[in-house]
Amino acid sequence: MTIASTERPLTGSIPAVDAAQVGALVRGARQHRGLTQAQLAERLNTSQSAVHRIEQGAQNLSLEMIGRISAALDSELITVGAPKRTHLRVEGGHQLSGRIEVNSSKNGAVALLCASLLNHGRTVLRNVARIVEVDRILDVLRSIGVRATWAPNGRDLEIVRPESLDLAAIDVDAAVRTRSIIMFFGPLLGLEPAFELPYAGGCDLGTRTVEPHMIALRRFGLDVTATAGHYQARVTPGSGDLSIVLTERGDTVTENALMAAAGRDGVTTLRNASPNYMVQDLCFYLEQLGVRIEGIGTTTLRVQGRTRFENDVEYTVSEDPVEAMSLLTAGIVTGSEITVARVPIEFMEIELATLAEMGQEYTLSPEYVAYNGRTRLVDVTVHPSELRAPIDKIHSMPFPGLNIDNLPFFAVIAARATGSTLIHDWVYENRAIHLTDLTRLGADVRLMDAHRLQVNGPTRWRGAEVSCPPALRPAVVILLGMLASTGTSVLRDVDIIARGYEQLAERLIELGARIETFRD
């Protein structure tokens, strides 16, 4: 992607952009050209360590230096004026190979950023995903007075909140572009007697009610009135122990209730809680703050909180099972042998069992522990396999079922299998329809109703031009289908992919994918 500045830059100075974004663009363009850091350093007449600092976002750059880098890589990194649209050109039909590590969880990072509001001490989050969704939440946090600083390595983030938050100054533009703003309710209701939040946004997935959040949080004394574009919140603090049954076993609903429980004196019991990966990440962080939590990994959580935390804590975000599934799918649909390392196996067992039922061959390494000291990891190697449609439908369920965000990948996998597969996406009204764009690539995908797809295979994939769906996972599914498609495909307007993935195209290129980024 190109970063565009609409401001007139001072002579010789860089426009007001994030050095980490520039660094990521430099790294991606270098890898696309097949250059090492040393080779780029030679072209720039500088040191390899300087190139490393640039790619980590730890080096101040002048416009003159950015121009030199652009020329060396034959890639326009920054434009002054209106932003250009970003597209991907994919030469498909080629096998992939190699080993790639799973990045940290986007959903985990977002919840931890919201939870950092509870801590009046210093929070350091390690190995944070550098993605648009994280940037938007950081924009919101900084607008209300939180100091958020990236370390020189570009992966670790130090967060220090002020004694009083300036909620009147909240960045509304950033807030309305993310659904994650809804998770500010949980930490804020224990800190503020009254506050206002913009409406939540996010992907186009149909109606996504916030009522399960409100039902849970009312028990903590939260009263919300919806006005034009905002939620008006008032809090009546209670006391004593609470027992709350969540009407929806949702991940963000559970996280909101967890943060509310952490910020109050007394014991709160949450029943029908989600035990999913991002909820466990949040529990592990809250435990470091001093919250006592029983039942992590189950549907009943017993939380002993308190009204103030003033601790210096460090926590490493766990690996992302959805990115793991994305990368495994890339290998499966291209008939390749690749190794995806650092897969959080606890949150991928149903997916792997379903793949085995379809005839997919894979091998697992021995288990090892993640950097957070809690999450179990394995390396998964997928092998070229003859796939068959499963006898039963494929559908998601709350953890420990098949992950809701991993379900779309089975559409493109099923298109490679012999037979007819029924996929039931019961959670979202509008997501299934976006997966019918696979028909543009030669797949036989039929929309039975708003929630069900029939996929008939195997597919004779062919290249095509497709506009990127306005939903994150279906957008990635189309890209992966293009990797399997003979000839050249174009995926237009791909910026939504950056919401949940860090340099996905560049990382697929590392495995041998032939993908070119271009703009118009």
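**Entry 1: ground rules.** I began with the labels: helices are DSSP runs of H or I with at least four residues, strands are DSSP runs of E with at least two, and the numbering starts from the N terminus. I also noted that this is a predicted model.

**Entry 2: a cis proline.** I looked up Pro400 and found it in the loop between β20 (394-395) and α14 (409-416). The peptide bond leading into it from Phe399 is cis, and I wrote down an omega near 15°.

**Entry 3: another cis bond.** I went on to Pro458, which sits in the loop between β23 (452-457) and β24 (465-467). The bond from Gly457 to Pro458 is cis too, with omega near 5°.

**Entry 4: a positive phi.** I checked the loop between β12 (266-271) and α11 (277-289), where Asn272 is found. Asn272 isn't a glycine, yet its phi is positive, near 60°.

**Entry 5: the domains.** I split the chain up as assigned: domain 1 is 16-84, domain 2 is 89-103 + 319-519, and domain 3 is 106-316. I then turned to domains 2 and 3, whose centres, taken over C-alpha atoms, are 30 Å apart. Domain 2 brings 29 residues to their contact and domain 3 brings 27.

**Entry 6: the interface of domains 2 and 3.** I noted a buried area of about 2400 Å², with 51% of it from carbon and sulfur atoms. Which three residues of domain 2 supply the most of what it buries against domain 3? They are Phe399, Arg499 and Glu502, with 29% of the domain 2 share. I had already met Phe399 at the cis bond to Pro400.

**Entry 7: salt bridges.** I counted three salt bridges across the interface of domain 2 and domain 3. I also looked at Glu502, whose side chain meets that of Arg155 in a salt bridge, at 2.6 Å from N to O.

**Entry 8: a helix pair.** I finished with α2 (residues 37-44) and α3 (residues 48-55), which pack at about 105° with their axes 8 Å apart. Angles of 65 to 115 degrees count as roughly perpendicular, so α2 is roughly perpendicular to α3. I listed the contact residues: Gln37, Ala38, Leu40, Ala41 and Leu44 from α2, with Gln48, Val51, His52 and Glu55 from α3. I sorted them into five nonpolar, three polar and one charged.

Conventions:
Residues numbered from 1 in each chain as written. Predicted model: local features only at pLDDT ≥ 70, side-chain atom pairs only at ≥ 80, totals over all residues. Heavy atoms only, no water. Axes fitted to C-alpha atoms, helices over the stretch in contact; angles between N-to-C directions. Parallel < 35°, antiparallel > 145°, perpendicular 65-115°, else oblique. Contact = heavy atoms within 4.5 Å. Nonpolar A, V, L, I, M, F, W, Y, C, P; charged D, E, K, R; others polar. Domains from an automatic or database assignment. Buried area = accessible area lost by both parts, 1.4 Å probe. Salt bridge = Lys/Arg side-chain N within 4 Å of Asp/Glu carboxyl O.
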